[in-house]
Amino acid sequence: MEPLWLFADQLGPHVHATDEMRDREVVLVESTKALRRKRFHRQKLHLVLSGMRHLAEELGDRVRYLEADTYREALERVGEPVVVHAPTSFAAADLVERLRKDGLVSDVLPTPTFALSKAEFDDWAGDRDRFRMEDFYRAQRERFSVLMDGDQPVGGTWNLDHDNREPPPKGEAHLPVPGPWQPTEDDIDEQVRRDLQDVPAVGVDGPRRFAVTHDEAQQALRHFVRHRLELFGPYEDAVMEQDWAMAHSLLSVPLNHGVLHPLDAVHAAEQAYRSQEVPLASAEGFVRQVLGWREYVWQLYWRFGRGYTRRNALRAHTPLPDWFTELDADAVTAACLRSALEGVRDRGWVHHIPRLMVLGNHALQRGYRPAELSEWFRTAFVDGFEWVMPPNVIGMSQHADGGLLATKPYSSGGAYLHRMTDHCGGCAFDPRKRLGEDACPFTAGYWQWVHRHRDLLAENNRTARAVAGLDRLSDLDQVLEQESAREHF
């Protein structure tokens, strides 16, 4: 029976411990070239190596753990063809195909780390050329019978979680929930840290904060559902300076490393609701993220194809500045942008609102190159894989696909950030001002961006009001001049 070769994001028992796979030898490859190909976040590299080495220890004699310059070199040392599950990127799929043609891979099996297969998605998608996540999300709930009463959603509505979003609680530095589950580091983590000392990277080293084994992922899931899910729903869109994790699950790493199956996470949240441990809105908010958005992004990565990252509908051509790529948060004055960069620098992670409405919003307003931005998110975030970022960044964040994924660009001024974060109170910039030394770069930058794309925005009924507002600004020329000269954020 041929050995089973696992990539670093295929580490769970639903990959290697099924009836078909449990008797096969497992091959894990630590590729020096892959580790050094890009300047990844140091903590991201740590999680990848820690996950692979922990699985090797868990499986014992069943594993052949190979360290080599390339995957090809390692598989040539195996001495017989291997089977492999389809990888999660075009680049890795091309590699597998080359290895298959050369006789090093005998069979490529379907990807087992997502709920919906590509064939099932293709059946659902048909010949549509525009996609709405809401349509997909409802189809997912129905297909897997999650939070359903027969053919109807529980509670009689699909979007109860949308009506339950709250700004940060006033006067509080932290949400009243226990902190997130955190693993206990061991000898493997210590050795990983030593081995990474001379590997070029961005960000800083730090304690391992995320689950990288199946057992750890189950512990993290139970802790989240029992102690944090209830407040996740109302506060999932809020941002707090002193509470980086808030009530978020921190399960994106074990999900994207393949040690936690998405249906396990979804069913745990559903059971908490049906046991009356959490309100429906909180359970639905989590289900929407995992069974809706995450699966949607995975499928659209393949659907949109290889050239998707080259899309640039808004003609954004500004290179990413050095302070951004080097995670130099100390060079930034705006409190929300500085805090988001600090989070990436110190943890390789901030939740979806700092990603979309701070980092992404800033990049959109300033016209950063979408492909560069997508690559930055992939390498700088601990949960960033090649399939994750193009739909999230090219489509959702930067609207560079011209509306294939999202019906409108996600840009906002300081008013939104003032409402949904607690950053503005201590910031040197005033979110109410668009002109002057203390003019908020998001508020002023928003109007500059609307002016730059007014024709496009005027044609979209979701953004036409912004153009109407632009025409009422008496100081527009001064704002445009100010923002064209702005060097300090």
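# Reading charges and helices in a predicted model

Q: Where should I begin, perhaps with how a salt bridge sits within a helix, such as arginine 274 and glutamate 270 in helix α12?

A: Let's begin with burial: glutamate 270 counts as buried, because its relative accessibility is 10%, and buried means under 20%. Please keep in mind that this is a predicted model. Its partner, arginine 274, is partly exposed at 39% relative accessibility.

Q: What joins the side chains of arginine 274 and glutamate 270?

A: The general idea is that side chains of opposite charge can pair when their charged atoms come close. Here the two side chains meet in a salt bridge, 3.2 Å from N to O.

Q: Why are arginine 274 and glutamate 270 about one helical turn apart?

A: An α-helix has 3.6 residues a turn, so residues three or four places apart point the same way. Arginine 274 and glutamate 270 are 4 residues apart in helix α12 (residues 262–274), which means about one helical turn separates them.

Q: Which parts of the chain does the salt bridge between glutamate 284 and arginine 141 link?

A: Glutamate 284 and arginine 141 have their closest N and O atoms 3.7 Å apart. This pair links distant parts of the chain: glutamate 284 belongs to helix α13 (residues 280–304) and arginine 141 to helix α7 (residues 133–144), 143 residues apart. Glutamate 284 is buried at 1% relative accessibility, and arginine 141 is buried at 1% too. Both take part in a network of salt bridges with Glu134, Arg138 and Arg288.

Q: How many salt bridges does the count come to?

A: The count comes to 38 salt bridges. One of them joins glutamate 2 and arginine 24, at 3.3 Å from N to O. Glutamate 2 lies in the segment before β1 (4–6), while arginine 24 lies in the loop between α1 (13–16) and β2 (26–31).

Q: How can I check the span of helix α3?

A: Use 1.5 Å a residue: the 18 residues of α3 (residues 42–59) should span 26 Å, and the end C-alpha atoms are 26 Å apart, which agrees. Just after the helix, glycine 60 takes a positive phi of about 60°.

Q: Is α3 mostly covered or mostly open?

A: Mostly covered, with 16 of its 18 residues buried. Glutamate 57 is found in α3, yet this residue is exposed, with a relative accessible area of 57%.

Q: Which residues form the negative surface patch?

A: Glu57, Glu58, Asp187, Glu190 and Asp215 form the patch. Helices α3 and α8 (187–195) each supply at least two of its residues.

Note on methods:
Residues are numbered from 1 along each chain as its sequence is written. This is a predicted model: local features need pLDDT of at least 70, side-chain atom pairs count only at pLDDT 80 or more; totals for chains, interfaces and linings use all residues. Side-chain values use heavy atoms; hydrogens and water are left out. The expected span of a helix is 1.5 Å times one less than its number of residues. Buried means under 20% relative accessible area, exposed over 50%, partly exposed in between (1.4 Å probe, protein chains only). Patches are made of residues with over 30% relative accessible area and no salt bridge: like charges are joined within 9 Å, nonpolar side chains (Val, Leu, Ile, Met, Phe, Trp, Tyr) within 5 Å. Accessible areas come from the Shrake-Rupley method with a 1.4 Å probe; for residues, only the protein chains shown count as cover. A salt bridge is a side-chain nitrogen of Lys or Arg within 4 Å of a carboxyl oxygen of Asp or Glu. Lys and Arg count as positive and Asp and Glu as negative; His and the chain ends are not counted. The place of a charge is taken as NZ of Lys, CZ of Arg, CG of Asp or CD of Glu.
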